[in-house]
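Visitor: Could you take me through one part of this model slowly, starting with the aromatic rings and then moving on to what surrounds them? I would like a careful account that I can follow with the structure in front of me.

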Amino acid sequence: MRPYLFSFKIGGVIVRAEPSWLFLALLVGWSLAVGFFPDQTAGLETSTYVFMAILGVVGLTFSIIAHELSHTFVGRAFGMPINRVTLFMFGGAAELEEEPKTPMTELVMALAGPLMSLFLALVFSQLAGLGAVGGAQAPLAMVLAYLGLINFLLAMFNMLPAFPLDGGRVLRALIWLFSGDRRRATRWASLAGEGFAVFFIVAGIFLLLSTGSLGGAWWVLIGFFLRGAAKSSRVELETRVALGDVRALDLVTPGIETADAGMTVADFIADKLVRHHRDWFAVTDGERLVGRAGLSEAQAVAPDARAHTRLSAIAVRPGANELLPADVRGDQAFAQMQRHHLQRIYLVDGERFAGVLSMADLLEYARLRNLFADAKLG
Ligand SMILES: [Zn+2]
């Protein structure tokens with residue numbers, strides 16, 4: 001498990017922050033304390049600026065979580081399995097486990113985040129207006145005004161048609177809606193995303209060189225992040241789409257992947273490990289799955305004990321996360337493996353063992369399928 005700065009559960013959704021979030025929080029806090037707030041009103045105590053900056057960062061964190069939860073709960077209302085919101089160096093993400101099945105679902109879900117940010121912009125600006133009346137409340141009013149502004153900017157930035165930003169998802173949903181072709185919609189939206197990314201990088205370098213502003217460096221970083229995200233989102237999305245209409249069981253490579261629980265470790269080494277020169281087998285007792293065994297389990301048994309030790313004694317039992325019903329779809333198996341960082345998953349039909357599915361099998365199938373779909377599109 002990776003360490004998180006904080007993690008809590010709300011409405012069945014885990015909200016958590018990666019350590020890199022701290023970098024963004026410190027950067028924003030620092031620029032608020034020494035730049036933004038002193039520029040607005042000079043002559044306050046340093047401690048006041050620091051306190052305002054801390055409130056600003058807390059408010060920003062709250063705002064981004066609200067934005068992501070808005071995507072999450074709207075998505076869940078459409079039946080999308082979204083269980084986690086993660087904050088990191090470049091903002092936040094509601095983690096989709098599968099792709100929307102219709103363009104309308106994607107459209108509404110993508111718009112839900114920026115709409116929440118616009119709503120928060122309005123609320124914070126109104127509160128700032130109220131707070132500005134009394135002079136003593138001025139620092140608090142400035143923080144509220146900042147939060148109004150930053151939520152407005154968040155909505156605008158996220159609505160850029162640069163996949164995987166929200167606006168890119170809106171663009172993808174619209175192309176998908178009008179053309180009926182999800183693959184083409186994905187390609188165009190991610191091309192737009194990569195185009196914007198290059199623009200950010202070039203503009204950032206220009207800013208950095210012409211003004212020496214560190215903000216320029218930030219835009220370069222965002223550009224590189226967006227470029228990587230556009231590309232990996234496209235690959236991941238294409239993989240999920242390719243796996244979305246096929247049964248996981250049909251993707252299992254047929255072959256010699258099982259070993260009988262009753263055989264001795266000595267026989268296992270001779271007849272399975274060495275003969276089939278592979279180091280991984282599912283151990284079965286009749287039709288029932290017992291676990292897995294391989295080279296390291298066999299080597300752990302002392303040589304003179306191998307002839308009278310049964311395979312069932314050394315088989316490693318699969319965890320609950322490693323088991324899935326045999327009738328799941330390919331994209332569901334893919335999501336499960338990604339979620340739990342698994343390389344293999346066992347498909348079972350009640351107690352009966354149905355097969356082993358590997359990540360390599362899934363990726364290769366999706367790759368070939370997309371390759372030939374492209375050829376057909378020409
Ligand atoms: Zn969003």
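**Aromatic rings, core and sheet**

Guide: Ring pairs join Phe23, Phe88, Phe90, Trp218 and Phe225 into a cluster, and you should keep in mind throughout that this is a predicted model. The structure holds 16 aromatic pairs. One of them is formed by Phe36 and Phe37, an edge-to-face pair with 5.5 Å from centre to centre and 75° between the planes. Phe36 counts as partly exposed because its relative accessibility is 26%, whereas Phe37, at 0%, counts as buried. Another pair, Phe200 with Trp219, is tilted, since the ring centres lie 5.1 Å apart and the planes stand at 40°. This pair links distant parts of the chain, for Phe200 belongs to helix α6 (residues 182-211) and Trp219 to helix α7 (residues 214-243), and the two residues are 19 residues apart. Here too the burial can be given for each partner: Phe200 is buried, with a relative accessible area of 7%, while Trp219, at 32% relative accessibility, counts as partly exposed.

From the rings we can turn to the nonpolar core. In soluble globular proteins, nonpolar side chains tend to be buried together. The largest nonpolar core in this model has 44 residues, and Trp21, Val28, Phe37, Leu60 and Tyr146 are the ones that touch the most other members. Helix α2 (residues 46-77) gives the most to this core, contributing nine residues. If residues up to four places away in sequence are not counted, Trp21 touches Leu5, Thr61, Ile64, Leu87, Phe88, Met89 and Gly91; Phe88, in turn, is one of the residues in the ring cluster described at the start. A second core, separate from this one, has 19 residues, among them Ala242, Val328, Leu347 and Leu357.

The last element to follow is the sheet, which is open and has four strands in the order β1-β2-β3-β4, with mixed pairing. Strands β1 (6-10) and β4 (91-96) stand at the edges, and because each has a single partner strand, one side of each is left without a neighbour in the sheet. From one strand to the next, the twist averages 20°. Strand β2 (residues 13-17) runs parallel to strand β3 (residues 82-88), and four bridges join the two; Val15 stands opposite Val85 in β3. Helix α2 packs on this sheet, where α2 touches β1, β2, β3 and β4, and its direction makes about 160° with that of β3.

Definitions and conventions:
Residues numbered from 1 in each chain as written. Predicted model: local features only at pLDDT ≥ 70, side-chain atom pairs only at ≥ 80, totals over all residues. Heavy atoms only, no water. Phe/Tyr/Trp six-rings, centres within 6.5 Å; stacked < 30°, edge-to-face > 60°. Buried < 20%, exposed > 50% of the residue type's maximum accessible area, 1.4 Å probe, protein only. Core = buried A, V, L, I, M, F, W, Y, C linked by side-chain atoms within 4.5 Å. Contact = heavy atoms within 4.5 Å. Pairing = 2+ DSSP bridges. Axes fitted to C-alpha atoms, helices over the stretch in contact; angles between N-to-C directions.
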